[in-house]
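Please have a look at the model below. The notes that follow walk through a few asparagines, two backbone oddities, a core and a pocket.

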Amino acid sequence: MAAVHLKNDNADRAIKCLKEVLDLEEKNVKANFRMGKAYLLNKDTQNAEKFLRIAKNLNPRDANINTAIKELKKLQAEEDKKASGFYASMFSNNGSGKKSSNDKTKSSLPDGTKPSPSSVSLKSNVEIEADEESDSESVEQ
């Protein structure tokens with residue numbers, strides 16, 4: 001049934017079926033391979049790698065497993081490239097080292113407004129008195 005779900009690009013249903021199979025027989029090569037493919041379909045590279053490695057250890061010469069591992073490596077390379085581009089742009093400050101005119105100041109809220117005094121959390125008199133009492137008790141001991 002899991003193979004049908006995979007053919008129909010329904011990875012979540014395939015995963016559900018395959019979990020049942022692997023609960024009964026954890027060293028089932030086809031179930032581990034298909035679980036890896038299902039996670040690959042969902043772009044969950046960590047879980048895909050886990051199950052494809054198990055399948056490869058159980059049947060190292062299987063061409064389908066080796067092909068899936070190549071697909072996984074390609075997807076991981078794409079993810080790494082996207083992540084490195086994201087972090088590079090995050091730390092580049094527009095490449096000039098200067099803030100652009102539309103950058104928000106550190107004292108601004110996420111929407112760019114300044115916090116109002118009423119939005120700042122202050123301790124109440126009761127909290128201050130409780131803190132002072134606990135401080136004086138710890139000094140007496």
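## Loops, core and pocket

Lys-43 is exposed, with 55% relative accessible area (buried means under 20%, exposed over 50%, partly exposed in between, with a 1.4 Å probe and protein chains only). This is a predicted model, in which local features need pLDDT of at least 70 and side-chain atom pairs count only at pLDDT 80 or more, while totals for chains, interfaces and linings use all residues. Residues are numbered from 1 along each chain as its sequence is written, and side-chain values use heavy atoms, with hydrogens and water left out.

Lys-43 sits in the loop between α3 and α4 (helices are DSSP runs of H or I with at least four residues, numbered from the N terminus). Its phi is near 60 degrees, a positive value in a residue other than glycine. Asp-9, in the loop between α1 and α2, also has a positive phi, of about 55 degrees, although it is not a glycine. Asp-9 counts as exposed, at 57% relative accessibility. For context, most residues other than glycine have a negative phi.

Now for three asparagines, set side by side.

| Residue | Place | Relative accessible area |
|---|---|---|
| Asn-28 | loop between α2 and α3 | 18%, buried |
| Asn-32 | helix α3 (residues 29-41) | 1%, buried |
| Asn-42 | loop between α3 and α4 | 37%, partly exposed |

What does the side chain of Asn-32 find 2.9 Å away from one of its polar atoms? The partner is the backbone oxygen of Glu-26. This is a polar contact (a pair of N or O atoms within 3.5 Å; within protein, one must be able to donate a hydrogen and the other to accept it, and residues adjacent in sequence count only if both atoms are side-chain atoms). Not counting residues up to four places away in sequence, Asn-32 touches Leu-22, Glu-26, Lys-27, Phe-51, Leu-52, Ile-54, Ala-55 and Leu-58 (contact means heavy atoms within 4.5 Å).

In Asn-28, a polar side-chain atom lies 2.9 Å from the backbone nitrogen of Ala-31. Beyond four places in sequence, Asn-28 is in contact with Val-21, Leu-22 and Leu-58. Asn-42, with the same sequence neighbours left aside, contacts Ala-11, Asp-12 and Ile-15. Asn-42 and Asp-12 are 30 residues apart in sequence, and their C-alpha atoms are 8.1 Å apart in space.

On to the core. The largest nonpolar core has 22 residues, and those touching the most other members are Ala-14, Leu-18, Phe-33, Met-35, Ala-38, Tyr-39 and Leu-52 (such a core is a set of buried Ala, Val, Leu, Ile, Met, Phe, Trp, Tyr and Cys residues joined through side-chain atoms within 4.5 Å). At least two residues of this core come from each of α1, α2 (11-24), α3, α4 (45-58) and α5, and α3 gives the most, with 6 residues. Ala-38 is in contact with Leu-6, Ala-11, Ala-14 and Ile-15, leaving aside neighbours within four places in sequence.

Finally, the pocket. Its lining residues include Phe-33, Lys-37, Lys-43 and Glu-71 (on a 1 Å grid over the protein atoms alone, a pocket is an open set of points where a 1.4 Å probe fits, with protein on both sides within 12 Å along at least five of seven lines; lining residues have an atom within 4 Å of a point). α3 gives the most to the lining of this largest pocket, with 5 residues.
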